[in-house]
Amino acid sequence: MIRFTNDYSEGAHPSILAAIAAANCEGNPGYSTDPHAARARALIQSAIGRPDADVHFLVGGTQTNATAIAAFLRPYEAVIAASSGHICVHETGAVEATGHKCVACPAENGKLTPAAVRAAVAAHPDEHMVKPRMVYISQTTEIGTVYTLAELEELRKVCDACGLYLYLDGARLAAGLAAGGASLADIARLCDAFYIGGTKNAALFGEALVILNAALKPDFRYNIKQRGGMLAKGFLLGIQFEQLFADGTGAFYTSLAAHANAMALRLKEGIAALGYPFACDSVTNQQFPILPDEVVEALAPDFGFEFSAKPDAHHTCIRLVTSWATPEENVDAFLAALRDVS
């Protein structure tokens with residue numbers, strides 16, 4: 001079967017596997033206190049242009065989001081997010097389980113706007129309600145759209161005006177960078193904290209959380225440990241980000257996602273040429289075509305994909321996801337099969 005189910009079906013880039021194998025019996029200190037993690041931190045600080053940044057390595061996206069939000073907020077404070085945001089729909093209530101409400105807002109194209117943020121703040125006016133304290137966004141969004149630099153700057157302005165932190169979930173940050181979204185340096189300038197996704201961009205696992213706001217830095221490792229996000233063999237995380245950011249610029253990291261985006265846009269072009277519509281205009285590695293039910297049923301035995309929605313009784317929206325490792329021939333095979341059953 002050819003899979004377009006997600007962008008972490010494959011293991012890891014060969015350079016990462018080779019580096020792990022080479023370091024396998026070195027004997028490293030635990031919990032990301034090793035030389036590989038130290039070098040990875042320095043490389044990320046270089047890539048974002050912020051030597052003052054704190055960089056922490058956690059095992060996965062849900063652990064990163066839940067740990068960061070729980071650490072940054074007081075018990076009565078809440079986080080504002082798009083209703084389609086990962087923390088609202090794909091993390092089994094992990095943030096709520098830490099005691100913090102997610103205030104879900106309607107968001108066209110998956111993106112929060114300053115107006116939505118202001119409305120959420122206005123809807124929580126006093127101590128009888130939770131107090132919004134953070135804006136959560138994803139780059140890219142859950143539907144593959146990308147915040148522009150101008151949009152991030154406007155969100156920063158409204159966060160400053162309303163006394164809110166700005167936190168960016170970067171599970172697919174590389175795809176956003178490759179699609180021309182805000183640069184790493186701009187994200188570091190505008191956000192109080194963000195994370196650089198490894199799991200969905202050629203690492204075996206792991207995310208790098210970057211904390212810029214000095215008020216959020218103290219004792220963060222205590223939170224990682226308590227929330228189960230600290231890996232004993234932390235050198236495995238360090239090695240992976242050491243490889244992804246080996247050039248100190250993030251160019252290699254971004255180039256891997258550029259391939260994923262290119263394969264997705266090849267899918268998009270081929271599907272659109274057959275006259276099928278899309279649920280949204282994604283420019284990155286997630287595509288959401290709307291196909292007749294009988295076409296979906298015909299494709300399902302040979303191709304892996306996720307079912308996204310039922311726009312009507314006779315059509316299904318599916319999600320196709322490409323990765324750093326997606327071969328062009330797999331894309332062409334899907335398009336050929338789609339032509340055959342259309």
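## Cysteines and pockets of a predicted chain

C317 counts as buried, since its relative accessibility is 4%. The model in which this cysteine sits is predicted, and the values discussed below are computed from that model.

The structure holds zero disulfides. C317 accordingly takes part in none, the nearest cysteine sulfur being that of C280, at 7.2 Å. A disulfide is counted here where two cysteine sulfur atoms are within 2.5 Å of each other. Why does C191 not form a bond with C159? The sulfur of C159 is the closest cysteine sulfur to that of C191, but because 8.6 Å separates the two, they are too far apart for a bond. C191 is also buried, with a relative accessibility of 4%.

Turning to the annotated region, an unreviewed UniProt entry lists residues 15-288 as "domain: Aromatic amino acid beta-eliminating lyase/threonine aldolase". Across residues 15-288, helix accounts for 43% of the chain and strand for 15%, while the C-alpha atoms at the two ends of this stretch lie 31 Å apart.

The two pockets are set side by side below.

| Pocket | Volume | Lining by class | Element giving the most residues |
|---|---|---|---|
| Largest | about 320 Å³ | five nonpolar, five polar, five charged residues | strand 12, three residues |
| Second largest | about 160 Å³ | six nonpolar, two polar, four charged residues | strand 5, three residues |

Which residues lie nearest the centre of the largest pocket? Of the 15 residues that line the largest pocket, H90, E142, Q286, E306 and R319 are the ones nearest its centre. Helix 4, spanning 86-89, and strand 12, spanning 306-312, each contribute at least two residues to this lining, and the share from strand 12, at three residues, is the largest. By class, the lining of the largest pocket is divided into five nonpolar, five polar and five charged residues.

The second largest pocket has a lining made up of V121, H124, P125, D126, E127, M129, K131, P132, R133, C162, G163 and L164. Strand 5, which covers residues 131-138, gives the most to this lining, with three residues. In contrast to an even division, the lining of the second largest pocket comprises six nonpolar, two polar and four charged residues.

Terms used
Residues numbered from 1 in each chain as written. Predicted model: local features only at pLDDT ≥ 70, side-chain atom pairs only at ≥ 80, totals over all residues. Heavy atoms only, no water. UniProt positions renumbered as here; feature names shortened; annotations may be inferred. 1 Å grid on protein atoms, 1.4 Å probe; cavity = no way out; pocket = protein on both sides within 12 Å on 5 of 7 lines; lining within 4 Å. Points joined across faces, edges and corners; volume = space filled by probe spheres on them. Nonpolar A, V, L, I, M, F, W, Y, C, P; charged D, E, K, R; others polar. Buried < 20%, exposed > 50% of the residue type's maximum accessible area, 1.4 Å probe, protein only.
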